[in-house]
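Here's a walk through the model, one region at a time. Keep the structure open alongside and follow the residue numbers.

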Amino acid sequence: LVHLVWRPASTGRRTGSSWATPYRGDRRDAAAASGESLDRGSHDTTTRVMPYVRAWTSLYGKVFLWWSGPRPVLNVGDYDMVKRILSDKSGLYVKPDPGPSIMAMLGNGLIFSEGDVWARHRRVVHPAFAMDKLKMMTGTFEASAREVIIGAWEARVEAAATTKEATVEVGEQFTELTADVISHTAFGSSYRQGKEVFMAQRELQFMAMASMNKVHVPGLEYVPTKNNVRRWQLQRKARGTLMAIIEERLAAAKEAKGYGTDLLGLMLEANNAGDGGQRVMSMDEIIDECKTFFFAGHDTTAHLLTWAMFLLGTHPEWQQRLREEVLRECGGAGTPLHGDALNKLKLVTMVLYETLRLYGAVNVMGRQATADADICGVKVPKGTALSIPFVMLHRDVEVWGPDANEFNTLRFQDGVGSAAAHPNALLAFSLGPRSCIGQGFAMLEAKTTLVLILRRFEFEVAPEYVHAPADFLTLQPQHGLPVVLKLL
Ligand code: HEM
């Protein structure tokens, strides 16, 4: 996700050009981190992803100002201030301008729209993520995970005739899984075209990220350079395919066949239920929301699964406790899954929360003050950039306790609201009106996948794994996560 606009150059971002091939190798050398690799028992990722904020916090405290060129940036490392900013509904704090390449890729979808436009979009998209609708998607999550993960891993282990174990780089496979899931859940029967859109959007995302390191020359985006020509082609492809899918759905609805029960269908249905049957969003706005699903719901969930595998692969006692819970609540490997059984998985949920706390996808989130403001006694002039370092907040010992840097799943045993000294301490999905609309979706997808894995495999992190969390828009293992799998 793009929340991170004001970074000192020292954090660096990948500048290579081999991103044109989605899925393959893009994570391996995404050198967006600084510093040494960590001991695999250490969870203090701040030394790698935010060494400067870490150093400045120890010198100046949780709230301090720094300059990014001519722009003042307030580091907001205080939970009360964070809550005030993120809960605001008056438009006093808006998202930073993501820049032309990100806008060209995503348009005015939920992530970057503001004010009335955002409220209108959120109203239309919201029903598609209601829990009863998500539960109906469990079957789709399960089918994708069985095919992309379980089937592939079983084949790898079975092929290892003598050892009966195989080492698999799981990060890439989870990326493939979440692409498959979002294509199926967003586009249902139009899955094949949906996947084509996904591939185009993925390439656009890599191009946009590559251009973030470069100086923006106004007007250059209109010059037919090789990159721009490719970008325009991909944009046309994504838009044209999405338009065809949507028109097909609208035609089906006219013949009383309904819009479909996938995310797109649910969104179209809500869109046409506006006042007096007026459509709430235009065709282009719906297209932008489809692109947003891909962008926001893909890498984030893949990394959640990857880091959960890392933590369970280095904590075998927790892996076993989860397996026992899964077998008790969901039955053995052959039993189909139900949303209700998944809801009973307390330990699995606790591990996912602790994963989101220590290895949440978003390290820092940006906002900007649109007028002079007073945030819990701190006077903030109009135009000040606000940098909210989730990664530091999630390790605040005054809020999380002295073991804030340790893996301690039990802190969540009385629920997410009681895990820390502040009720809204877990910020991985943000909070307030702009919090993640897909959090229920992500948690259900992650739970379904973990259940299938835990029932079928025992695993540990491979000896060759190098613990180097890297911030490349989202937090990921810089060299991938090789895991040794054994069939149960
Ligand atoms: C582990 C997985 C995920 C994490 C950690 C995550 C995290 C976040 C965060 C931190 C935000 C707030 C961004 C901001 O205010 O600038 C956000 C917003 C958003 N997320 Fe997620 N997300 C995840 C999965 C998903 C999924 C699966 C979808 C959709 C399929 C999704 C769709 C969105 C959308 C549309 C927004 C913008 C909401 C708005 O502004 O109204 N996310 N997400």
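What covers the buried residues of H16? In this predicted model, the cover includes H13, helix H14 (316–330), H19, S10 and S11. H16 itself takes in residues 346–359. At 1.5 Å a residue, its 14 residues should span 20 Å, and the end C-alpha atoms are indeed 20 Å apart, so expectation and model agree. As for its surroundings, 10 of the 14 residues of H16 are buried, so the helix is largely enclosed by the rest of the structure. Those buried residues are Val348, Met350, Val351, Leu352, Glu354, Thr355, Leu356, Arg357, Leu358 and Tyr359.

Next stop is Ala361, in the loop between H16 and S5. Is Ala361 buried or exposed? It has 24 C-beta neighbours inside 10 Å, and 20 are enough to qualify, so Ala361 counts as buried. Setting aside neighbours within four places in sequence, Ala361 is in contact with Thr300, His303, Leu304, Thr474 and Leu475. Ala361 also sits 9.5 Å from Ala302, C-alpha to C-alpha, although 59 residues separate the two in sequence.

Thr300 turns up again at the ligand. There, 26 residues form the surroundings, and the closest are Ala296, Gly297, Thr300, Cys436 and Gly438. The elements giving two or more residues to this shell are helix H12 (283–297), helix H13 (299–314) and helix H19 (439–456). H12 provides the largest share, with 4 residues. By character, the shell splits into 15 nonpolar, 8 polar and 3 charged residues. Two of the helices listed here, H13 and H19, are also among the elements that cover the buried residues of H16.

Now for the sheets. One is an open sheet of 5 strands, ordered S1-S2-S8-S5-S3, with mixed pairing. Its edge strands are S1 (63–68) and S3 (93–94), each of which pairs on one side only. Inside this sheet, S5 (residues 365–369) and S8 (residues 385–388) run antiparallel and are joined by 4 bridges. If you want a spot to look at in that pair, Gly366 stands opposite Ser387 in S8. Helix H3 (residues 79–87) lies across S1, S2 (71–76), S3, S5 and S8, and it runs at about 115 degrees to S2.

The other sheet to look at is an open one of 3 strands, in the order S4-S12-S9, with antiparallel pairing. Why does one side of S4 (165–169) and of S9 (457–461) lack a neighbour in the sheet? Both strands stand at the edges with a single partner strand each, so one side of each is left free of a sheet neighbour. From one strand to the next, the twist averages 30 degrees. S4 pairs with S12 (residues 482–487) in the antiparallel sense over 5 bridges, and Val168 stands opposite Val483 in S12. Helix H8 (residues 170–187) lies across S4 and S12, running at about 65 degrees to S4.

Two residues other than glycine are worth a look for their positive phi values. Here they are side by side:

| Residue | Phi | Loop between | C-beta atoms within 10 Å | Burial |
|---|---|---|---|---|
| Cys376 | near 50 degrees | S6 (373–375) and S7 (378–380) | 14 other C-beta atoms | partly exposed |
| Leu473 | near 70 degrees | S10 (469–472) and S11 (474–477) | 21 other C-beta atoms | buried |

The strands on either side of Leu473, S10 and S11, are the ones we met as part of the cover over H16. Cys376 is in the loop between S6 and S7, and with 14 other C-beta atoms within 10 Å it is partly exposed.

One last residue to check is Arg192, found in helix H9 (residues 191–211). Arg192 has 10 C-beta neighbours inside 10 Å, so it counts as exposed. Its C-alpha lies 9.9 Å from that of Asp180, and the two residues are 12 apart in sequence.

How values were computed
Residues numbered from 1 in each chain as written. Predicted model: local features only at pLDDT ≥ 70, side-chain atom pairs only at ≥ 80, totals over all residues. Near = placed C-beta within 6 Å. Nonpolar A, V, L, I, M, F, W, Y, C, P; charged D, E, K, R; others polar. Pairing = 2+ DSSP bridges. Contact = placed C-beta atoms within 7 Å. Axes fitted to C-alpha atoms, helices over the stretch in contact; angles between N-to-C directions. Buried ≥ 20, exposed ≤ 12 C-beta atoms within 10 Å, placed from the backbone. Expected span 1.5 Å × (residues − 1).
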